[in-house]
Amino acid sequence: MEYSLNESTFLALGLLGRRGDVVSTAGDSEKINYAPRALAEDPAFGPEAYAYKLTGTTYGFRVGVNYAPTPHSLLGLGFERLNTHADGGDSYTKSVPEITWDYRF
């Protein structure tokens, strides 16, 4: 959702909830050998790396400020934080700072 602070500045807020597959890669460990729904070697991350898939729930939020300096461009500054709790006791956290510039003809 966006709120107009004035003619060219907008506050953006968002919430996220998702249940589904989580895919990650880790070194060989017993924890990933019993919990995943799928497991495969992942040579992109080394000879002992394995990609695995778990079912999990992700919750998150996003907050940002957008500014339109011209009718054709938009500058943005935002932050997103995601927390995932997967089956098997695994938890993942991701923070994403972002700076954007959009230009439209």
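**Figure 1. K53 and D21 join their side chains in a salt bridge, 3.9 Å from N to O.** The two ends sit in separate strands, K53 in β4 and D21 in β2, 32 residues apart along the chain. A salt bridge here means a side-chain nitrogen of Lys or Arg within 4 Å of a carboxyl oxygen of Asp or Glu. Strands are DSSP runs of E with at least two residues, helices are runs of H or I with at least four, and both are numbered from the N terminus. K53 counts as partly exposed at 28% relative accessibility, and D21 is partly exposed too, at 30%. For these labels, buried is under 20% relative accessible area, exposed is over 50% and partly exposed is in between, using a 1.4 Å probe and protein chains only. A word on what you're looking at: this is a predicted model, so local features need pLDDT of at least 70 and side-chain atom pairs count only at pLDDT 80 or more, while totals for chains, interfaces and linings use all residues. Residues are numbered from 1 along each chain as its sequence is written, and side-chain values use heavy atoms, with hydrogens and water left out.

**Figure 2. R19 and D87 make a salt bridge at 3.8 Å, N to O.** This one reaches from strand β2, home of R19, to the loop between β5 and β6 (91-103), where D87 sits. In sequence, the partners are 68 residues apart. R19 is exposed, with a relative accessible area of 53%. D87, at 37%, counts as partly exposed.

**Figure 3. R62 and E98 meet in a salt bridge with an N to O distance of 2.3 Å.** R62 belongs to strand β4 and E98 to strand β6, so the pair ties together parts of the chain that are 36 residues apart in sequence. R62 is partly exposed, with a relative accessible area of 26%. A search of the whole structure turns up 3 salt bridges.

**Figure 4. F61 and F79 form a tilted ring pair.** Searching the whole structure gives 3 aromatic pairs. In this one, the ring centres lie 6.2 Å apart and the planes stand at 50°, so the pair counts as tilted. F61 comes from strand β4 and F79 from strand β5 (residues 73-86), 18 residues apart, which links distant parts of the chain. The rule pairs rings of Phe, Tyr and Trp (its six-membered ring) whose centres lie within 6.5 Å; planes under 30 degrees apart are stacked, over 60 edge-to-face, and the rest tilted. Both rings have some solvent access: F61 is partly exposed at 37% relative accessibility, and F79 is partly exposed at 30%.

**Figure 5. W101, Y103 and F105 gather into one aromatic cluster.** Within the cluster, the rings of W101 and Y103 have centres 6.3 Å apart and planes at 50°, so they're a tilted pair. W101 counts as exposed at 58% relative accessibility. Y103 is partly exposed, at 46%.

**Figure 6. M1, Y3, L13, L15, F61 and V63 make a nonpolar surface patch of about 630 Å².** Strands β2 (9-27) and β4 (49-70) each put in at least two of the patch residues. V63 is in strand β4 and is partly exposed, with a relative accessible area of 33%. F61, which also appears in the ring pair with F79, is part of this patch as well. Patch residues have over 30% relative accessible area and no salt bridge; like charges are joined within 9 Å, and nonpolar side chains (Val, Leu, Ile, Met, Phe, Trp, Tyr) within 5 Å. The areas come from the Shrake-Rupley method with a 1.4 Å probe, and for residues only the protein chains shown count as cover.

**Figure 7. Behind the close-ups is a chain with 1 helix and 6 strands.** From the N terminus on, the order is β-β-α-β-β-β-β. The radius of gyration is 19 Å, well over the 13 Å that the globule rule gives for 105 residues, so the chain is more spread out than a compact globule. That radius is taken over C-alpha atoms, and the rule is 2.2 Å times the number of residues to the power 0.38. Along the principal axes, the C-alpha atoms fill a box of roughly 55 × 25 × 20 Å. Of the 105 residues, 28% count as buried. The accessible surface comes to about 7400 Å², with 58% of it belonging to carbon and sulfur atoms.
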